[in-house]
Amino acid sequence: MELYSLTIHEARSLLAERKISALELTEAVLERILEVDNAIRAYLTLTPEEALEQARLADARRTQGDDAPLLGIPVAIKDVICTAGIPTTAGSRILENFIPPYDATAVAHLKAAGAIILGKTNTDEFAMGSSTENSAFFATRNPWDLERVPGGSSGGSAAAVAADECLGALGSDTGGSVRQPASFCGVVGLKPTYGRVSRYGLIAFASSLDQIGVLAKDVTDAAILLQVIAGYDPRDSTSVNLPVPDYMAALTGGLHGVTVGVPKEYFAAPEVMQPEVTAAVQAAVGVLADLGARILDISLPHTEYALPVYYLIAPAEASANLARYDGVRYGLRVERGDLIETYNATRGQGFGPEGKRRIMLGTYAWSAGYYDAYYLKAQKVRTLIRADFDAAFGQVDVIIAPTAPTTAFRIGEKVADPLQMYLSDIFTLSMNLAGICGVSIPCGFDHDGLPIGMQVLGPAFGEEQVLRVAYAYEQATEWHLRKPDDGRFRK
Amino acid sequence: MKYEAVIGLEVHAQIHTRSKMFCPCPVVEDTGDLPPNTYVCPVCAGMPGTLPVINRRAIEMAIKTGLALHCEIPPVSCFARKSYFYPDLPKGYQISQYELPLCVNGYLDIETEEGTKRIRITRAHMEEDAGKLYHMGDGSSRVDLNRAGVPLLEIVSEPDMRSVAEVIAYATRLHSYLVYLGVNSGDMEKGVMRFEANVSVRPAGSDALNPRHEIKNLNSFRALARSVAYEIESQIATLEQGGVIVQQTMGWDESRGITVPQRGKEYAHDYRYFPDPDLPPLEISRAWVEELRAGLPELPDARRARFIRDYGLSAYDAGLLVAERAVADYYESTLSQLASAAEPKAVANWITGEVFRLMNENGCTITGAPPPSQLAELIDLVQDGTINLNTGKRVLEEMFTTGRSARQIVEERGLAQISDTAALERIVAQVLNGHPTEVTQYLSGKVQLFGWLMGQVMRATQGKANPQLVKELLQAQLEARRSG
Ligand SMILES: [Zn+2]
């Protein structure tokens, strides 16, 4: 077995037993990146020297008896998350040369836990997209089929995990941006509850929806990573001051006494739904029943409004969040004759088409005269969507739903039709609007051999029950053990 | 036709916390020589991914101000983003308040010629200050973010004022309140208080609200008074000539003494306020409000009433003393350090008379005056007769300029008054012998010559004679000559 294909928990044992060193592990992963990333293009920035230095340091720390939870584990960071001294572009020209002087709190937690930062992964510009094609730099390829997208916006992180270019990665999820690429790439993608992980240092897209999440090779790894990055942060007023439970303790393997809800709205969208996806998720529900879970049909009646509500709230917040990119203090500046022209040229050249589209949508949605009709109305419907979940979680412990209506689509297929692109997130948007948690795990493959993902959703701060159910399913199935054939992308 | 003005005021007051509104950077008053961008961090520079955290101290000071202005403090307050592009605004939006401000429905009473008048306060809300833009000689502009993120309280009045005098009475009283509360240094030259006046005019007695002119960015009481006076006159003139007033934003041109319409894109805003998702609504418990209320200092009105009641001062003198917290403190500190039984009224006279006059002459504030302990010593010297009142005034002048104590000056210059009866009797006799004509005239009924004779005696003693004693001795010797 190659070192780069280890999971975090496997590598952790080997490191603890001194069977491998952090340096060997890091070298193996860096070599792997050199071998495959020309084809996959998961990384925007690589930091090999720093990574090797950190690996040596990790080995030295271990010699001194340190056993920090991620000591010597090489990970990747989505490029919307700030890393001190390492370029952080958000996938945008406007931040092409931006090097933050600070770490995001989640990154600081990873470093404190001994993790080794390999580099920064590709993303749709400012996390706006579902395919990573909106990156200003290049598109990332799906390791299962290089002609297909890895999903997005955390497509770089998901592809890197799937192609063994890191042991785990951070992503961000505003409307499904961790879960949908996890589904497309056949890996585990966890979106924590809003407020569970600090947003400090996460470049804001839509502040009331954004949450840092993790991409991992299996559920155990997702739990390990979440354990490290979760917790209250006084620098983020929306982070919640609740104790962080022991997530590993939730991975019991049993499902007795667990009630699983199956919402009819997530299985009744025939026009966009790939039948194999429905079938795979239904089969997975059967597995959960076999494992002892009680299955309950439920309804989340406002599901159909999630998409329009999301596309009012997210662009509205984004249009304000992106106002700071004006060329005055950092990032791209296209100097022109006067101030207004400089603004126009800087933002005109700095933002890509999707960024501009959302800035315009958002500016319109809360300009004078439209605020009540759009923004305020959307907030009211958001409350109804939240109430749907509150009611459901009064009856069930977790909810099962497909992660995306289809498996990975072809590169270029939906670029010209933003509405089609937006539809690929219809099953993941509601959870961000409601602020709840969920994980996408592999649950099958379609006739093209592309991975299918299913979501296990829990109430706010219900990460333990979500991980418990996901882990039990994973233990009972072998989907997560399948790897893409790297003969197609290895140099 | 007779017109009346309708004026409302928005006051932007810096809140003097140690750190900025949403980040740990220190708040530093702009002394003019502060190197630019030295008190800036990723948060107040609007760097990607940074988040604001509310400064609780700033909220407390704002609530205290609201309570002092008789406002209601709603149980939930909300921060909003106010969007516009300008190079001194790092995030492209200002964190401010729109719906659910911290303080609502208050008032401030002012003194006018017709008596006390109540000016209603619509709301007071918190926001962060922007940075400062410097336009360089070469046509470029530079941004300084030292001030960006400094907490501001915007206090908005109803259009309840009808004259420049009322506007100034309101503005100065508000200024005095803020200084009393310790919320603001009151140092206008450092831009810690800025005004925006909304002015319209209408036929006297009408209750119409006509289109108004908003005069922005007024940084002194003088600019406020002049610009409002100008607006009232020019609007009346416009109406009398059959013209129409349109609602407009104006700037004040200090050098030309006129208001000018502000054009340009930066004034045509749709601010697109919406609740800031980075800051959950602030819950303000009643217990917190009551705790803050209990901690309010004595405010000008209460202090004035106490001065009248406890020290027997006139309303006018008490008003003069409490207008500035530092002066009122100076007065009470002087009182507490008196060794003699000088009257509080006399001490007030010293301050509102001589001390104020000398502050004016020396171009200083009360902090530049001799300390209260030294004023108390001087008043004691006058009270116990060591020096007379006129000498005392001369000594105070010297205290201002040299910084020396009253006792030192009196001793070194030999100013102690002559109260030795025998010595004075000799001098009086000499003076009377030296002016036989005047003595005869006095004795034959020209009594007003008494003052002149007294002056001759004082001159003969270089002003050091105890005037009361001189008066007695002079009277006695003159009467003696009448009978003799
Ligand atoms: Zn700062």
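Helix packing, sheets and chain contact in a predicted two-chain model

In this predicted model, helix α13 (residues 436-443) of chain B packs against helix α14 (residues 449-460) of chain B at an angle of about 150°, the two axes lying 10 Å apart. Here helices (H or I, at least four residues) and strands (E, at least two) are DSSP runs numbered from the N terminus, and axes are lines fitted to C-alpha atoms, for helices over the stretch in contact, with angles running from 0 to 180 degrees between N-to-C directions. The crossing of α13(B) and α14(B) is left-handed, a term that applies if the near helix is turned anticlockwise from the far one by less than a right angle, clockwise being right-handed. On the α13(B) side, E438(B), Q441(B) and Y442(B) meet L449(B), F450(B), W452(B) and L453(B) of α14(B), where contact requires that the C-beta atoms of two residues, placed from the backbone, lie within 7 Å. By class, this contact comprises 5 nonpolar residues, 1 polar and 1 charged; Ala, Val, Leu, Ile, Met, Phe, Trp, Tyr, Cys and Pro count as nonpolar, Asp, Glu, Lys and Arg as charged, and the others, Gly among them, as polar.

Residues are numbered from 1 along each chain as its sequence is written, and chains are lettered from A and ligands numbered from 1 in the order in which they are written. Since the model is predicted, local features need pLDDT of at least 70 and side-chain atom pairs count only at pLDDT 80 or more, whereas totals for chains, interfaces and linings use all residues. The mean pLDDT (the predictor's confidence in each residue, from 0 to 100) of chain B is 92, with 98% of its residues at 70 or more, and the model scores ipTM 0.96 and pTM 0.89.

Chain B is divided into domain 1 (3-293), domain 2 (300-412) and domain 3 (421-483), with bounds that come from an automatic or database domain assignment. The C-alpha centres of domain 1 and domain 2 of chain B are 36 Å apart, and 4 residues of domain 1 of chain B contact 4 residues of domain 2 of chain B; on the domain 1 side these are 3 nonpolar, 1 polar and no charged residues.

Strand β6 (residues 115-128) of chain B runs antiparallel to β5 (residues 103-112) of chain B, to which 9 bridges join it, two strands being paired if DSSP finds at least two bridges between them. A hairpin of 2 residues connects β5(B) to β6(B), and T112(B) stands opposite G115(B) in β6(B). Strand β6(B) is also joined by 7 bridges to β9 (residues 151-157) of chain B, again antiparallel, with E128(B) opposite P151(B).

In chain A, an open sheet of 11 strands with mixed pairing follows the order β1-β3-β2-β4-β6-β5-β10-β11-β9-β7-β8. Strands β1 (43-46) and β8 (294-298) of chain A stand at the edges with a single partner strand each, so one side of each has no neighbour in the sheet. The twist from one strand to the next averages 25°. Within chain A, β2 (residues 74-78) and β3 (residues 116-121) run parallel and share 5 bridges, and K78(A) stands opposite T121(A).

The contact between the chains takes 37 residues from chain A and 26 residues from chain B. On the chain A side, α9 (306-321) and α10 (339-350) are the elements that give two or more residues, and the residues of that side divide into 24 nonpolar, 6 polar and 7 charged.
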